[in-house]
Amino acid sequence: MERIAVFPGSFDPITLGHLDIVERGQTLFDRIIVAIGHNALKSYMFTLEQRMAFLEDTFAGFDGVEIDTYQGLTVDFCKSKGANFILRGLRNPADFEFEKAIAHTNRTLTNREIETVFLLTGSGKSFISSSIVRDVIRNNGNYTFLVPDAVRI
Ligand code: ADP
(Lines give C-alpha, C1' and ligand atoms only; values in the text may rest on other atoms or scores of the structure.)
Protein backbone atom coordinates (compact mmCIF):
# COMPACT_ATOMS: atom_id res chain seq x y z
CA MET A 1 0.00 0.00 0.00
CA GLU A 2 1.20 3.48 -0.85
CA ARG A 3 2.22 5.50 2.20
CA ILE A 4 0.60 8.89 1.86
CA ALA A 5 1.04 11.64 4.46
CA VAL A 6 -0.60 15.02 4.77
CA PHE A 7 1.65 17.75 6.19
CA PRO A 8 -0.92 20.31 7.31
CA GLY A 9 -0.19 23.86 8.41
CA SER A 10 -0.78 27.53 7.89
CA PHE A 11 2.56 28.07 6.14
CA ASP A 12 2.24 31.83 6.68
CA PRO A 13 4.91 31.74 5.28
CA ILE A 14 6.79 28.45 4.79
CA THR A 15 10.09 28.43 6.71
CA LEU A 16 13.31 26.40 6.60
CA GLY A 17 11.86 24.44 9.57
CA HIS A 18 8.94 23.25 7.41
CA LEU A 19 11.23 22.46 4.48
CA ASP A 20 13.43 20.32 6.72
CA ILE A 21 10.43 18.27 7.91
CA VAL A 22 9.28 17.59 4.34
CA GLU A 23 12.79 16.64 3.15
CA ARG A 24 13.18 14.17 5.99
CA GLY A 25 9.60 12.92 5.57
CA GLN A 26 10.42 11.94 2.00
CA THR A 27 12.40 8.96 3.30
CA LEU A 28 9.32 7.72 5.19
CA PHE A 29 6.47 8.29 2.74
CA ASP A 30 5.76 7.61 -0.93
CA ARG A 31 3.80 10.84 -1.20
CA ILE A 32 3.57 13.92 1.00
CA ILE A 33 0.71 16.37 0.48
CA VAL A 34 1.74 19.74 1.91
CA ALA A 35 -1.67 21.22 2.64
CA ILE A 36 -2.61 24.72 3.70
CA GLY A 37 -5.50 24.51 6.14
CA HIS A 38 -7.57 27.58 5.47
CA ASN A 39 -9.62 28.99 8.30
CA ALA A 40 -11.98 31.80 7.26
CA LEU A 41 -11.98 33.19 10.80
CA LYS A 42 -8.19 33.53 11.01
CA SER A 43 -6.27 36.41 9.51
CA TYR A 44 -3.02 35.77 7.70
CA MET A 45 -0.09 37.93 6.61
CA PHE A 46 0.03 36.27 3.18
CA THR A 47 -2.98 35.44 1.04
CA LEU A 48 -3.79 31.84 0.26
CA GLU A 49 -2.53 32.42 -3.30
CA GLN A 50 0.81 33.80 -2.06
CA ARG A 51 1.28 30.95 0.42
CA MET A 52 0.45 28.43 -2.33
CA ALA A 53 2.93 30.07 -4.69
CA PHE A 54 5.70 29.94 -2.05
CA LEU A 55 5.02 26.23 -1.53
CA GLU A 56 4.80 25.45 -5.23
CA ASP A 57 8.11 27.20 -5.94
CA THR A 58 9.84 25.61 -2.97
CA PHE A 59 8.77 22.05 -3.81
CA ALA A 60 8.97 22.21 -7.60
CA GLY A 61 10.99 19.16 -8.63
CA PHE A 62 10.57 17.37 -5.29
CA ASP A 63 9.67 13.74 -5.93
CA GLY A 64 6.32 12.74 -4.45
CA VAL A 65 5.53 16.13 -2.93
CA GLU A 66 2.23 17.82 -3.80
CA ILE A 67 0.63 21.06 -2.67
CA ASP A 68 -3.03 21.46 -1.79
CA THR A 69 -5.42 23.50 0.35
CA TYR A 70 -8.42 22.52 2.43
CA GLN A 71 -11.05 23.84 4.77
CA GLY A 72 -12.55 21.94 7.67
CA LEU A 73 -11.12 19.02 9.57
CA THR A 74 -7.67 17.78 8.66
CA VAL A 75 -8.84 14.17 9.05
CA ASP A 76 -11.63 14.71 6.50
CA PHE A 77 -9.08 16.08 4.06
CA CYS A 78 -6.84 13.07 4.72
CA LYS A 79 -9.71 10.69 3.95
CA SER A 80 -10.52 12.52 0.73
CA LYS A 81 -6.89 11.98 -0.33
CA GLY A 82 -6.57 8.39 0.87
CA ALA A 83 -3.86 9.46 3.34
CA ASN A 84 -3.33 7.38 6.50
CA PHE A 85 -0.71 9.60 8.05
CA ILE A 86 -0.43 13.16 9.29
CA LEU A 87 3.11 14.54 9.42
CA ARG A 88 3.96 17.16 12.04
CA GLY A 89 7.10 18.71 13.47
CA LEU A 90 8.00 19.08 17.13
CA ARG A 91 10.13 21.96 18.34
CA ASN A 92 9.64 22.21 22.08
CA PRO A 93 7.49 21.12 25.05
CA ALA A 94 4.72 23.55 24.09
CA ASP A 95 4.47 21.92 20.64
CA PHE A 96 4.38 18.51 22.33
CA GLU A 97 1.43 19.33 24.59
CA PHE A 98 -0.53 20.97 21.80
CA GLU A 99 0.20 18.25 19.26
CA LYS A 100 -0.55 15.43 21.69
CA ALA A 101 -4.12 16.65 22.16
CA ILE A 102 -4.70 17.05 18.41
CA ALA A 103 -3.14 13.70 17.53
CA HIS A 104 -5.25 11.81 20.09
CA THR A 105 -8.37 13.58 18.87
CA ASN A 106 -7.62 12.84 15.23
CA ARG A 107 -6.90 9.19 15.95
CA THR A 108 -10.16 8.82 17.86
CA LEU A 109 -12.16 10.70 15.22
CA THR A 110 -10.97 8.24 12.58
CA ASN A 111 -11.34 5.00 14.55
CA ARG A 112 -7.55 4.74 14.80
CA GLU A 113 -7.15 4.83 11.04
CA ILE A 114 -4.98 7.92 10.89
CA GLU A 115 -1.66 8.04 12.74
CA THR A 116 0.24 11.25 13.31
CA VAL A 117 3.97 10.90 12.76
CA PHE A 118 6.24 13.44 14.43
CA LEU A 119 9.71 14.43 13.38
CA LEU A 120 11.91 16.39 15.74
CA THR A 121 13.00 19.74 14.47
CA GLY A 122 16.37 19.67 12.78
CA SER A 123 19.32 20.95 14.77
CA GLY A 124 19.67 24.66 14.24
CA LYS A 125 16.02 24.95 13.10
CA SER A 126 14.12 24.69 16.38
CA PHE A 127 13.96 28.46 16.86
CA ILE A 128 12.35 29.10 13.47
CA SER A 129 8.62 29.78 13.34
CA SER A 130 6.34 31.52 10.88
CA SER A 131 5.34 34.01 13.57
CA ILE A 132 8.97 35.07 14.12
CA VAL A 133 9.39 35.43 10.35
CA ARG A 134 6.28 37.63 10.22
CA ASP A 135 7.60 39.80 13.05
CA VAL A 136 10.93 40.27 11.28
CA ILE A 137 9.17 41.13 8.00
CA ARG A 138 6.82 43.61 9.71
CA ASN A 139 9.81 45.37 11.20
CA ASN A 140 11.79 45.42 7.96
CA GLY A 141 14.48 43.02 9.18
CA ASN A 142 16.42 40.45 7.19
CA TYR A 143 14.19 37.37 7.07
CA THR A 144 15.96 35.57 4.23
CA PHE A 145 18.01 33.19 6.40
CA LEU A 146 14.80 31.80 7.93
CA VAL A 147 12.87 30.91 4.77
CA PRO A 148 13.39 29.10 1.44
CA ASP A 149 14.46 31.25 -1.54
CA ALA A 150 10.91 31.16 -2.90
CA VAL A 151 9.75 33.46 -0.10
CA ARG A 152 10.74 36.90 -1.31
CA ILE A 153 8.55 39.94 -0.78
P1 ADP B 1 -0.01 25.42 12.38
O2 ADP B 1 -0.76 26.71 12.27
O3 ADP B 1 -0.83 24.22 12.07
O4 ADP B 1 0.85 25.25 13.63
P5 ADP B 1 2.48 25.92 10.99
O6 ADP B 1 2.59 26.32 9.55
O7 ADP B 1 2.91 26.94 12.00
O8 ADP B 1 0.98 25.49 11.15
O9 ADP B 1 3.29 24.60 11.28
C10 ADP B 1 3.03 23.40 10.57
C11 ADP B 1 3.85 22.25 11.17
O12 ADP B 1 5.23 22.53 11.01
C13 ADP B 1 3.66 22.04 12.67
O14 ADP B 1 3.67 20.64 12.93
C15 ADP B 1 4.85 22.68 13.29
O16 ADP B 1 5.18 22.08 14.54
C17 ADP B 1 5.89 22.37 12.24
N18 ADP B 1 7.02 23.30 12.32
C19 ADP B 1 7.00 24.64 12.20
N20 ADP B 1 8.22 25.17 12.36
C21 ADP B 1 9.06 24.13 12.58
C22 ADP B 1 10.46 24.00 12.85
N23 ADP B 1 11.26 25.08 12.93
N24 ADP B 1 10.98 22.76 13.04
C25 ADP B 1 10.17 21.69 13.00
N26 ADP B 1 8.84 21.73 12.75
C27 ADP B 1 8.29 22.92 12.56
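Which side chain does arginine 31 meet in a salt bridge? I started my notebook with that one, keeping in mind that this is a predicted model.

**Entry 1: arginine 31 and its partner**

I found the side chain of arginine 31 joined to that of glutamate 2, at 3.5 Å from N to O. I then looked up where the two residues sit. Arginine 31 belongs to strand S2, while glutamate 2 is in the segment before strand S1 (4-9), so the salt bridge ties together parts that are 29 residues apart in sequence. I checked exposure next. Arginine 31 has a relative accessible area of 23%, so I noted this residue as partly exposed. Glutamate 2 comes out at 41%, and I wrote down partly exposed for glutamate 2 too.

**Entry 2: other salt bridges**

I wanted the total, and the structure holds 11 salt bridges. One of them pairs aspartate 135 with arginine 138, whose closest N and O atoms are 3.1 Å apart. Both lie in helix H5 (residues 130-138), and because they are three residues apart there, about one helical turn separates them. Aspartate 135 is partly exposed, at 42% relative accessible area.

I also looked up arginine 152, which forms a salt bridge with aspartate 149 at 3.2 Å between the closest N and O atoms. Here I noted arginine 152 as partly exposed at 39% relative accessibility, and aspartate 149 as exposed at 63%. Back at my starting point, I saw that Glu2, Arg31 and Glu66 are joined into one network by salt bridges that share partners.

**Entry 3: aromatic pairs**

How many aromatic pairs are there? I counted five. For each pair I wanted two values, since a pair of aromatic rings is described by the distance of the centres and the angle of the planes.

I took phenylalanine 29 and phenylalanine 85 to begin with. Their ring centres are 5.4 Å apart and their planes are at 50°; stacked needs under 30 degrees and edge-to-face over 60, so this pair is tilted. The pair links distant parts of the chain, 56 residues apart. Phenylalanine 29 is in the loop between helix H1 (16-25) and strand S2 (31-37), and phenylalanine 85 is in strand S4 (residues 85-90). Are these two buried or exposed? Phenylalanine 29 has 7% relative accessibility and counts as buried. Phenylalanine 85, at 15%, counts as buried as well.

My next pair was phenylalanine 46 with phenylalanine 54. I noted 5.3 Å between the ring centres and 80° between the planes, so the pair is edge-to-face. Phenylalanine 46 is buried at 5% relative accessibility, and phenylalanine 54 is buried with a relative accessible area of 8%.

**Entry 4: a charge over a ring**

What sits over the ring of tyrosine 44? I found the charged end of arginine 51 there, 3.9 Å from the ring centre.

**Entry 5: aspartate 57**

I closed with aspartate 57, which has its place in helix H2 (residues 48-59). Its relative accessibility is 53%, and because exposed means over 50%, aspartate 57 counts as exposed. I also looked up a contact along the fold: the C-alpha atoms of aspartate 57 and alanine 150 are separated by 5.7 Å, although the two residues are 93 residues apart along the chain.

Terms used
Residues numbered from 1 in each chain as written. Predicted model: local features only at pLDDT ≥ 70, side-chain atom pairs only at ≥ 80, totals over all residues. Heavy atoms only, no water. Phe/Tyr/Trp six-rings, centres within 6.5 Å; stacked < 30°, edge-to-face > 60°. Helix = DSSP H or I, 4+ residues; strand = E, 2+ residues; numbered from the N terminus. Buried < 20%, exposed > 50% of the residue type's maximum accessible area, 1.4 Å probe, protein only. Lys NZ or Arg CZ within 6 Å of the ring centre and 35° of its normal. Salt bridge = Lys/Arg side-chain N within 4 Å of Asp/Glu carboxyl O.
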